[in-house]
Amino acid sequence: MLCCYLMVLGGCGARQGEALAPPGYDQNAELEQESISAQAPDGLESLTIQFLDVGQADCILFTTASNEAMLIDAGNNADGEGIVQYLREQGVEGLRYVIGTHPHEDHIGGLDDVIRAFPIEELMMPKVMTQTVTFESVLDAAMEKGLSITAPGVGDVFTFGEGSYQILSIGEDEESLNSSSIVIRMTYGDLHFIFTGDAEQDAEERMLNSGLPLSADILKVGHHGSETSSSADFLQAVAPRDCVISVGKDNAYGHPATSVLERLEPEHTYRTDQLGTVVVTTDGQQYEIHWKQTEIDGNGGLPGNPAESGSDIQGAKVYVTESGKKYHRETCSSLKNSKIPMSLEEAKAKGYEPCGTCNPQE
């Protein structure tokens with residue numbers, strides 16, 4: 001299968017935006033694309049973005065209220081069955097898009113399980129290869145399903161639900177797989193979200209020089225918070241209101257790097273190693289962030305029942321007490337006295353801070 005893939009990529013292989021397909025599969029089907037609307041429509045259906053807690057790996061699930069779904073990356077090899085189970089529990093029956101940002105095991109490890117488990121309309125990966133069993137397993141699964149692999153071009157725009165996303169970066173350098181990552185900027189109503197894979201600072205510089213829009217409300221921090229990514233110039237251009245880091249607890253790489261954390265705002269940085277699965281819900285005009293304990297355990301299962309934890313939610317209602325100096329979520333175990341409801345913004349303006357139970361980032 002790897003030799004067949006080499007034939008597709010080599011010589012007169014596909015250009016960016018064309019299909020990279022197993023032999024015998026029709027490569028002429030055009031990808032659905034359209035321009036991003038300059039005006040945000042009113043009353044968009046709900047979009048949910050989940051940064052799954054898959055340890056030292058990446059997996060991001062997008063679902064709409066009308067049951068359209070999309071997946072970026074699929075964790076490590078041992079996470080595949082657990083990810084499939086979780087997607088089914090979320091009501092996923094098929095995937096409009098699946099993006100393998102780059103062929104490292106912690107991003108495409110469970111992708112073969114996902115490909116075999118669900119109907120997929122578009123499977124995207126960069127035109128880079130590795131001589132690994134993990135990579136070959138993904139190719140085998142795609143060929144079994146008769147599924148083409150496409151390499152989009154920088155600037156390409158694809159519709160998803162009532163929104164769209166644009167390709168900000170994709171590389172072809174097999175010596176720098178991280179910086180070959182597919183990076184996308186999703187537009188949903190008035191809001192924007194950037195998902196970086198493991199793109200490093202050379203890829204960030206290409207994006208800065210591309211002329212494409214980079215501002216975003218939420219940024220998925222590159223390369224698990226490694227110091228190889230998240231340059232000061234890139235963060236300044238994106239100017240995110242909130243950031244999410246997908247990272248494993250006590251990982252051997254020391255991610256996230258202290259230097260990167262110092263460039264981010266702690267109160268607006270959400271880490272899967274501290275919080276579990278981070279969930280963003282939006283109607284295209286405002287968004288909420290919360291989290292739940294649903295770590296993929298690497299043995300094809302999700303331990304325990306998902307238990308929603310506290311959150312620092314934009315526009316949310318929180319509770320304070322007459323004598324306390326902290327704000328709490330409604331079900332907080334530390335909230336034992338008479339509770340006084342107020343908006344999160346009001347609580348912050350009055351000097352209240354999140355309690356340690358509601359915000360384990362403290």
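These are my notebook entries on two helices and one sheet of a predicted model.

**Helix H5.** I began with H5, which runs over residues 133–144 and so has its 12 residues as listed by the assignment. From the first C-alpha to the last I find a reach of 16 Å, close to the 16 Å expected at 1.5 Å a residue. I then looked up which residues of H5 are buried, and noted Thr134, Phe135, Ser137, Val138, Leu139, Ala141 and Ala142. Following the chain onward, I saw that glycine 146 comes after H5 and has a positive phi, near 65°.

**Helix H6.** Next I turned to H6, residues 201–210, where Ala203, Glu204 and Met207 are buried. These residues cover an arc of only 105° around the axis, which puts them on the same side of H6. I recalled here that an α-helix has 3.6 residues a turn, so residues three or four places apart point the same way. When I asked what covers the buried residues of H6, the elements I found included strand S9 (163–169), strand S10 (183–188) and helix H7 (232–238). Just after H6, glycine 211 takes a positive phi of about 80°.

**The sheet.** S9 and S10 led me to the open sheet, in which 7 strands follow the order S8-S9-S10-S11-S12-S13-S14 with mixed pairing. Its edge strands are S8 (157–160) and S14 (269–271), each of which pairs on one side only. Ignoring direction, I note that neighbouring strands of this sheet are turned by 20° against each other on average. Within the sheet I checked S11 (residues 191–195) and S12 (residues 218–220), which pair in the parallel sense over 3 bridges, and I saw that isoleucine 194 stands opposite leucine 219 in S12.

Definitions and conventions
Residues numbered from 1 in each chain as written. Predicted model: local features only at pLDDT ≥ 70, side-chain atom pairs only at ≥ 80, totals over all residues. Heavy atoms only, no water. Buried < 20%, exposed > 50% of the residue type's maximum accessible area, 1.4 Å probe, protein only. Helix = DSSP H or I, 4+ residues; strand = E, 2+ residues; numbered from the N terminus. Arc of directions from axis to C-beta. Contact = heavy atoms within 4.5 Å. Expected span 1.5 Å × (residues − 1). Pairing = 2+ DSSP bridges. Axes fitted to C-alpha atoms, helices over the stretch in contact; angles between N-to-C directions.
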